[in-house]
Amino acid sequence: MNGRQWVVAGLASLALLLMLLFPPYFGIDRTSDGRVHAFLGYHPLWAPPTATDALPVLAGEAVAPYAGTEPQNVDVRMDLVRLGINVIALAIAVGAGLFVLRSSRRSSCR
């Protein structure tokens, strides 16, 4: 690997570390059998969002159906699908970057 490839690999490692330290979360309304869910954003692994944080996001524009909803009816989970897609996208970008920055060894045929 050449110097530029090492830089790409180092930045990719940093990006992967940040992805794992700040994963995506989503909230689910348990009373809807999982049909109502909302993306809650990226939060630190050590301080995930709570059900109380998820309730207004789940309500969105339609606050009336959730007026009597208790936070215990809301479940907050890590969005492993979104995290997986992010990791795959990073792997593809890093692979492309390493391919583009590869050393070209040209042999002269004289």
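Let me start with a term: a patch here is made of residues with over 30% relative accessible area and no salt bridge, and nonpolar side chains join one patch when they come within 5 Å. Hold on to that for a minute, and keep in mind that what we have on screen is a predicted model.

Good morning, everyone. Let's begin with the overall layout. The protein chain has 3 helices and 3 strands, and if you walk along the sequence you meet them in the order α-β-β-α-β-α. Of the 110 residues in the protein chain, 28% are buried. Contacts across the sequence matter for the picture too: among those with a separation of 6 or more, 57% join residues 24 or more positions apart. On the outside, the chain exposes about 7700 Å², and carbon and sulfur atoms supply 64% of that.

Now back to the patch. Which residues make the nonpolar surface patch? They are Val7, Leu11, Leu14, Leu17, Leu18, Leu21, Phe22, Phe39, Tyr42, Leu45 and Trp46, and together they make about 1100 Å² of nonpolar surface. Two elements, α1 (3-21) and β2, give two or more residues each. Helix α1 gives the most, with 6 residues, and Val7 is one residue you can find in that helix.

While we are in α1, have a look at glutamine 5, which also lies in this helix. Is glutamine 5 buried or exposed? It counts as buried, because its relative accessibility is 9% and the cut-off for buried is under 20%. Leaving aside its neighbours within four places in sequence, glutamine 5 is in contact with Leu98, Leu101 and Arg102.

Next, please turn to helix α2, residues 51-59. Its buried residues are Ala51, Ala54, Leu55, Leu58 and Ala59. Why do these residues line one face of the helix? Seen down the axis of α2, they fall within an arc of 130°, so they share one face. The general background is that an α-helix has 3.6 residues a turn, so residues three or four places apart point the same way. And what does that face of α2 meet? Its buried residues pack against β1 (24-29), β2 (37-42) and β3 (74-78). Just after the helix, glycine 60 takes a positive phi of about 55°.

My favourite residue in α2 is alanine 54. With 0% relative accessibility, alanine 54 counts as buried. Setting aside residues up to four places away in sequence, it touches Gly27, Leu40, Val74 and Val76. Take glycine 27: it sits 27 residues from alanine 54 in sequence, yet their C-alpha atoms are 5.6 Å apart in space.

That brings us to the core. The largest nonpolar core has 8 residues in all: Tyr25, Ala38, Leu40, Ala51, Ala54, Leu55, Leu58 and Val74. Both β2 and α2 supply at least two residues of this core, and the largest share, 4 residues, comes from α2. Apart from this core lies another, of 6 residues, with Val8, Ala12, Met19 and Leu83 among them. Back in the largest core, alanine 38 touches Phe26, Gly27, Val57 and Leu58, again not counting residues up to four places away in sequence.

Let's move to strand β3, where you will find methionine 78. At 30% relative accessibility, methionine 78 counts as partly exposed. What does methionine 78 touch, not counting residues up to four places away in sequence? The list is Pro23, Pro24, Tyr25, Phe26, Leu45 and Leu83. You can also check its C-alpha against that of proline 49: the two are 29 residues apart along the chain and separated by 9.7 Å.

Last topic, the charges. How many salt bridges does the structure hold? It holds 2. In one, the side chains of arginine 77 and aspartate 75 meet at 2.8 Å, N to O; arginine 77 is partly exposed, with a relative accessible area of 42%. In the other, aspartate 79 meets arginine 82 at 3.3 Å, N to O. Here aspartate 79 is buried, with a relative accessible area of 11%, whereas arginine 82 counts as partly exposed at 31%.

That's my tour. Thanks for listening, and I'm happy to rotate the model for anyone who wants another look.

How values were computed
Residues are numbered from 1 along each chain as its sequence is written. This is a predicted model: local features need pLDDT of at least 70, side-chain atom pairs count only at pLDDT 80 or more; totals for chains, interfaces and linings use all residues. Side-chain values use heavy atoms; hydrogens and water are left out. Buried means under 20% relative accessible area, exposed over 50%, partly exposed in between (1.4 Å probe, protein chains only). The arc is that of the directions from the helix axis to the C-beta atoms. Contact means heavy atoms within 4.5 Å. Patches are made of residues with over 30% relative accessible area and no salt bridge: like charges are joined within 9 Å, nonpolar side chains (Val, Leu, Ile, Met, Phe, Trp, Tyr) within 5 Å. Accessible areas come from the Shrake-Rupley method with a 1.4 Å probe; for residues, only the protein chains shown count as cover. A salt bridge is a side-chain nitrogen of Lys or Arg within 4 Å of a carboxyl oxygen of Asp or Glu. A nonpolar core is a set of buried Ala, Val, Leu, Ile, Met, Phe, Trp, Tyr and Cys residues joined through side-chain atoms within 4.5 Å.
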